[in-house]
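Please open the model in a viewer and keep the selection panel at hand. The tour proceeds by selections, each followed by a description of what is found there.

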Amino acid sequence: MKYILVTGGVISGIGKGIIASSIGTILKSCGLRVTAIKIDPYINIDAGTFSPYEHGEVFVLNDGGEVDLDLGNYERFLDISLYKDNNITTGKIYQHVINKERHGDYLGKTVQVVPHITDAVQEWVMNQAKVPVDDDKKEPQICLGGTIGDIEGMPFVEAFRQFQFKAKRENFCNIHVSLVPQPNATGEQKTKPTQNSVRALRGLGLSPDLIVCRSAKPIEMAVKEKISMFCHVEPEQVIFIHDVSSTYRVPILLEEQGIIKYFKQRLNLPIDDQPSDLLMKWKKMACRYERLLNVCSIALVGKYTKLSDCYASVFKALEHSALAINYKLDLMYIDSTELEPSMEAENSVKYHQAWHKLCKADGILVPGGFGIRGTEGKLQAISWARTKKKPFLGVCLGMQLAVVEFARNCLNWEDANSTEFDPDTKNPVVIDMPEHNPGDMGGTMRLGKRRTVFKTENSVLRKLYGDEMFVEERHRHRYEVNPELTHCFEEKGLKFVGHDTEGNRMEIIELENHPYFVGVQFHPEFSSRPMKPSPPYLGLLLAATGTLNAYLQRGCKLSP
């Protein structure tokens, strides 16, 4: 097993996840099996109870793990399926060690950060690195891991300082990602932050084998030589990654700077110097992305619109689908509270700007979420999409609100609501699930990959999925459509075309006599891949560009 540790310096959010994923893509293109582990130093057991404004979206894995969004990058780039134990947190490690101490495994010794916590980290990494993540179920050959240098992450840094000797030099490589800022006042690229970051890392006992420098613009050769001299590495060990038009370009930038040759020598890998067809596909995809001329605009109506990372997987799923049909995506984020009538009195400018965006969009997407704030605005957007025949996709809460909107405006149940927002409603069209435990919040939802069975052949989503009898997608919800009321909706044209294996849980809705009005209880964005777009999102883009019927008539084949 070869281990590649990716550390970050200067600032967070510098792109460690994308760079680690890109390195994994390059190594996979050389025929190696790659897995990935993300280390987060917070004391939470997992990311499940975070607000999206804390660390971005919560990504859900097949086994129901609620994890950091970087694992989403790993899955999308490497086309693998990870597990909850691929995300290590301080909380998980301490819980593991404390449980062992309570069990008496330490035989009365004083339990300390060194060696017990650091040993637990190393043991976790070595065990998880062996778990197959590809469809062929073979053991990985390369394990990529990412951590940071905050004070709370020190036990992890110390664990890897020890681990580099346990694994041996030919099996362990450290990549340090740093920032090269360029102040507007001078226009000069500054190396001091990188020098200080590398010096601090060396002081902790880790020496970087590769220094990946992030910058806004391409870095000059003189800067590369300066970093090489002051950071005690060869010039070819300094890699530049400037801001690019799309993340698909990052693996290509790395490959152009000789990273395959370096890894082959440094880790003694049994690979050729040249990448395979897989990286050529990435090159073609990156070039195609940059040449796109036609634009499709989608309005994303949500409540966490101030930070794009809150909907990272949704954005990627839309981007994958747009690229598949040769369109450039124009994603317009609309804060749902700004669509509500109360906003017109409070701030009429914001209100009219939000409605202007919604009206000019080619399609409307209402993603998942929790809590009552902004739900009335989402209902307004759904009503607009339904009455104006705008292509619409509702995901999780978006589907539930589509049912609420239909109940209020088509069934004339004026107080129809979800019991999440109004526990005393006379028409509870969305109810909490039997297994929902209102006490503990963490890990109490319906999580992970579940099967959805199509109950009719007359379904646009079934056709988009390749006319399969069932699909398996990832879930994350506490509430569901009330199965006792579904017949009322079906009589008026809102069809529940998919349900769970028992037939009790409504999974997919489709509206008759509408270009594309679809809601799904699951989160299809989590399984979207650059070369395998998610069918519900692809359907939205096809409908928004007016090409859905032609696509279905071709037997769901994309035009060349």
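Which residues in α15 are buried? Select helix α15 (residues 375–387): the buried residues are Thr375, Gly377, Lys378, Leu379, Ala381, Ile382, Ser383, Trp384, Ala385 and Arg386. Buried here means under 20% relative accessible area, exposed means over 50%, and partly exposed lies in between, with a 1.4 Å probe and protein chains only. Because ten of its 13 residues are buried, α15 is largely enclosed by the rest of the structure. Its end C-alpha atoms are 18 Å apart, in agreement with the 18 Å expected at 1.5 Å a residue; the expected span is 1.5 Å times one less than the number of residues. Lysine 389, which follows α15, has a positive phi near 55 degrees.

This is a predicted model, in which local features need pLDDT of at least 70 and side-chain atom pairs count only at pLDDT 80 or more, while totals for chains, interfaces and linings use all residues. Residues are numbered from 1 along each chain as its sequence is written, and side-chain values use heavy atoms, with hydrogens and water left out.

**The whole chain**

Zoom out to the full protein chain. Its secondary structure comes to 20 helices and 21 strands; helices (H or I, at least four residues) and strands (E, at least two) are DSSP runs numbered from the N terminus. The C-alpha atoms fill a box of roughly 70 × 60 × 50 Å along the principal axes. The radius of gyration is 25 Å, which agrees with the value near 24 Å for a compact globule of 560 residues; this radius is taken over C-alpha atoms, and the globule rule is 2.2 Å times the number of residues to the power 0.38. Buried residues make up 58% of the 560 residues.

**Salt bridges**

Next, display the charged side chains. A search of the whole structure finds 28 salt bridges, each being a side-chain nitrogen of Lys or Arg within 4 Å of a carboxyl oxygen of Asp or Glu.

- Select aspartate 70 and lysine 38, whose side chains form a salt bridge at 3.3 Å, N to O. The pair links helix α3 (residues 70–78) with strand β2 (residues 34–40), 32 residues apart. Aspartate 70 is buried at 13% relative accessibility, and lysine 38 is buried at 7%.
- Select arginine 169 and aspartate 209, which meet at 3.7 Å, N to O. Arginine 169 lies in the loop between α6 (154–167) and β7 (172–179) and aspartate 209 in the loop between α7 (192–203) and β8 (210–215), so the salt bridge ties together parts 40 residues apart in sequence. Arginine 169 is exposed at 57% relative accessibility, whereas aspartate 209 is buried at 8%.
- Select glutamate 480 and arginine 505, with a salt bridge of 2.6 Å, N to O. Glutamate 480 is in strand β18 (residues 479–481) and arginine 505 in the loop between β19 (494–499) and β20 (506–511), 25 residues apart. Glutamate 480 is buried at 6%, as is arginine 505 at 14%.
- Select Glu75, Asp79, Arg474, Arg529 and Lys532, which salt bridges with shared partners join into one network.

**Cavities**

Where is the enclosed space? The structure holds four cavities of 30 Å³ or more. On a 1 Å grid over the protein atoms alone, a cavity is a set of points where a 1.4 Å probe fits but cannot get out, and lining residues have an atom within 4 Å of a point. Grid points are joined across faces, edges and corners, and a volume is the space filled by probe spheres set on the points. The largest cavity holds about 70 Å³. Select its lining: Tyr3, Ile4, Leu5, Ile37, Ile39, Val125, Cys143, Leu144, Gly145, Phe160, Phe163 and Phe172. The elements giving two or more residues to this lining are β1 (2–8), β2, β6 (142–147) and α6. By class, the lining has eleven nonpolar residues, one polar and no charged; Ala, Val, Leu, Ile, Met, Phe, Trp, Tyr, Cys and Pro count as nonpolar, Asp, Glu, Lys and Arg as charged, and the others, Gly among them, as polar.

The second largest cavity holds about 60 Å³. Its lining consists of Gly369, Phe370, Cys396, Leu397, Gln400, Glu420, His477, Arg478 and Tyr479, divided into four nonpolar, three polar and two charged residues.

**Backbone details**

Finally, select valine 114 and proline 115, which are joined by a cis peptide bond with omega near 15 degrees. Proline 115 is placed in helix α5 (residues 113–129). Move on to lysine 137, in the loop between α5 and β6; its phi is positive, about 60 degrees, although it is not a glycine, and it is exposed at 56% relative accessibility.

Key: 1 Å grid on protein atoms, 1.4 Å probe; cavity = no way out; pocket = protein on both sides within 12 Å on 5 of 7 lines; lining within 4 Å.
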